[in-house]
Amino acid sequence: MPERNTISWNGLISGYVKNGMTWEAREAFDKMPERNVVSWTAMLRGYVQEGRLKEAREIFDEMPERNVVAWTTMINGYVIHDKVDLARKLFEVMPGKNEVTWTAMLMGYTRSGRIEEALSLFRLMQLQGIRPNFPSMISTLSVCGSLATLNHGREVHAQLVRSLFDCDVYVCSVLITMYMKCGDLVNGKRVFDRFTSKDTVMWNSIITGYAQHGLGKEALQVFYDMVSSGVPPDEVTFIGVLSACSYTGRVKEGLQLFESMKSKYLVNPKTEHYSCVVDLLGRAGKLNEAMNLIRDMSVEADACVWGALLGACRIHNRLDMAEVVAKKLLLLEPENTGHYILLSNIYSSQGRWRDVAALRSNMRVQSLSKSPGCSWIEVEKKVHTFTGGDITSHPEHAVILRMVEKLDGLIIEVGYSPDGSFVLHDVEEEEKVHNLRHHSEKLAVAYGILKVPKGMPIRIMKNLRVCGDCHAAIKLIAKVTEREIVLRDANRFHHFKDGSCSCGDYW
């Protein structure tokens, strides 16, 4: 070119950046006689795309002026590369935030699993009068589903209706998932039914939802409806229906579906599907068949597959097989504390305290620590979290403890007997009973009875699998208080009512 201006230089730099040629972009950037905010932002974007955040921040700090695009690019860079705290620091000092920046920050918290912070940010967004855009509403729905904050989910649904987004197939799928994860089956099914042209994702959302609630019959019926309507099932569909069979003990139907995957529906089984079938067989006590299936797999068994078998060993007290499986898992995932804890639980249930101590010593040497069991409940749009054994951190701990003791007395009168085998420490029986009383899900249930109006379900979430003692206790609490209690643990939903659970004690 006989004459080059800032626009032509920026065109060259942007072209290099779009094609991943950051080195060439920087060379042109350094040669430019005069730069503007577009030049700086293009170079910033190049470094962010390559994950070179140190260079990106240097460019950002050197910029003589920064527009909203530059701020958002840098914040997005931190978010994409899991540096959410650095993104938040920048977000706090950014002038003139817009809905794109708020959404970037919201998605950052959602992606990194920091659900409470995401929800808190969404509340702040609403208080400051920022109109949420489509991506931010979708992110918030995912947050509501993960945290099971149903009231916030309903509010976002209402905003989607007002914005005329609720007729979108993708939005409906996210809404179904949110309602199902929040334990609201009625509204999840209502969203599903009102949409005539359903795609595979929507069918999968309802099948997976029913599976999580242990409604195997309903999940299978939806699957057959899907097939008869001409929508072909995919890999996700089969994870849903196989899980549904596993959670409800439908071994024969599950095996038939697994066999039909490739032969009838042309879907090649992956490790996730084998994991479901291993879980199906393991829960039903067919551990040898599960082990044979793993040996005959057409793909290499991963930690999910072996983990499903180890869980079955825990249920059926197969210590011989558990030790073999645990060794496999510790080779595959040496830093996953869950495998150590599960084996430790098996040792504990059989009183092998020396083996428990050796395992825990091994964990300390490797600086591994167990994630504490915690449960949470949403009351008046605020999430209250409880950690097992740590009651005093809640401002209303005194009244919660009195309710826990009252409930304990009521359920003992109708036949409850604390099961000390679920206290995985070598301690005296009296201390075991005390420990069981302060499990996080019991504290959350007690708080729910205190705060949730009668006639409304008490919805509890737990980050780990509910223990057998708590499961037995909550069944009786539901009976003596005449309340419906919905508990979502790491595996599935439990609906407690009139002294029984929807899982039929098969979990």
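# PPR repeats, salt bridges and a six-stranded sheet

Me: Which residues does UniProt list for "repeat: PPR"?
Reply: The unreviewed UniProt entry lists residues 5–35, 36–70, 98–132, 199–233 and 234–264 under "repeat: PPR". The model you are looking at is a predicted one.

Me: What makes up the span of residues 36–70, helix or strand?
Reply: Helix accounts for 74% of residues 36–70 and strand for 0%. The C-alpha atoms at the two ends of this span are 12 Å apart. Residues 199–233, another of the listed repeats, are likewise 74% helix and 0% strand, and their end C-alpha atoms lie 10 Å apart.

Me: Why is the contact of E55 with R52 called a salt bridge?
Reply: The rule asks for a side-chain nitrogen of Lys or Arg within 4 Å of a carboxyl oxygen of Asp or Glu. For E55 and R52 the closest N and O atoms are 3.2 Å apart, so the pair meets that cut-off. By this rule the count comes to 17 salt bridges.

Me: How do you know whether E55 is buried or exposed?
Reply: Neither word fits! Buried means under 20% relative accessible area and exposed means over 50%. E55 has 26%, so it counts as partly exposed. Its partner R52, at 30%, is partly exposed too.

Me: What makes E235 and K270 a pair, and which parts does it tie together?
Reply: Their closest N and O atoms are 3.2 Å apart, and they form a salt bridge. E235 sits in helix α15 (residues 235–248) and K270 in the loop between α16 (251–263) and α17 (271–283), so the bridge ties together parts that are 35 residues apart in sequence. The relative accessible area is 34% for E235 and 38% for K270, so both fall between the 20% and 50% limits and are partly exposed.

Me: How do you know that E253 and R250 meet in a salt bridge?
Reply: The N to O distance between their side chains is 3.0 Å, to be set against the limit of 4 Å. E253 is partly exposed at 29%, and R250 is partly exposed at 25%. Elsewhere, E50, R52 and E55 are joined into one network by salt bridges that share partners.

Me: What makes β1 and β2 a pair of strands?
Reply: Two strands pair if there are at least two bridges between them. β1 (374–379) and β2 (residues 382–387) have six, and they run antiparallel. W376 stands opposite T385 in β2. The two strands form a hairpin with two residues between them, where E380 takes a positive phi near 50 degrees.

Me: How do you know that β1 and β3 pair?
Reply: Two bridges join them, again antiparallel, so the requirement of at least two is met. Here W376 stands opposite M461 in β3.

Me: Why is β5 called mostly covered?
Reply: Four of the five residues of β5 (residues 493–497) are buried, which means that each of those four has under 20% relative accessible area.

Me: Which strands pair with β5?
Reply: Four bridges join it to β4 (residues 485–488), antiparallel, with V486 opposite H495. These strands form a hairpin with four residues between them. Two bridges join β5 to β6 (residues 500–501), also antiparallel, and there F496 has C501 as its bridge partner. In this second hairpin two residues separate the strands, and D498 in the turn has a positive phi of about 55 degrees.

Me: What makes β2 and β6 the edge strands?
Reply: The six strands form an open sheet in the order β2-β1-β3-β4-β5-β6, with mixed pairing. β2 and β6 each pair on one side only, and they are the edge strands.

Me: What is known about the second largest pocket, and which residues lie nearest its centre?
Reply: Its volume is about 320 Å³. Of the 16 lining residues, N151, E378, V452, M456 and P457 lie nearest the centre. At least two lining residues come from each of α10 (150–162), β1 and β3 (458–462).

Me: How many residues of that lining are nonpolar?
Reply: Ten are nonpolar, one is polar and five are charged.

Definitions and conventions. Residues are numbered from 1 along each chain as its sequence is written. This is a predicted model: local features need pLDDT of at least 70, side-chain atom pairs count only at pLDDT 80 or more; totals for chains, interfaces and linings use all residues. Side-chain values use heavy atoms; hydrogens and water are left out. UniProt positions are given in the numbering used here, feature names are shortened, and annotations may be inferred rather than shown by experiment. On a 1 Å grid over the protein atoms alone, a cavity is a set of points where a 1.4 Å probe fits but cannot get out, and a pocket is an open set with protein on both sides within 12 Å along at least five of seven lines; lining residues have an atom within 4 Å of a point. Grid points are joined across faces, edges and corners, and a volume is the space filled by probe spheres set on the points. Ala, Val, Leu, Ile, Met, Phe, Trp, Tyr, Cys and Pro count as nonpolar, Asp, Glu, Lys and Arg as charged, and the others, Gly among them, as polar. Buried means under 20% relative accessible area, exposed over 50%, partly exposed in between (1.4 Å probe, protein chains only).
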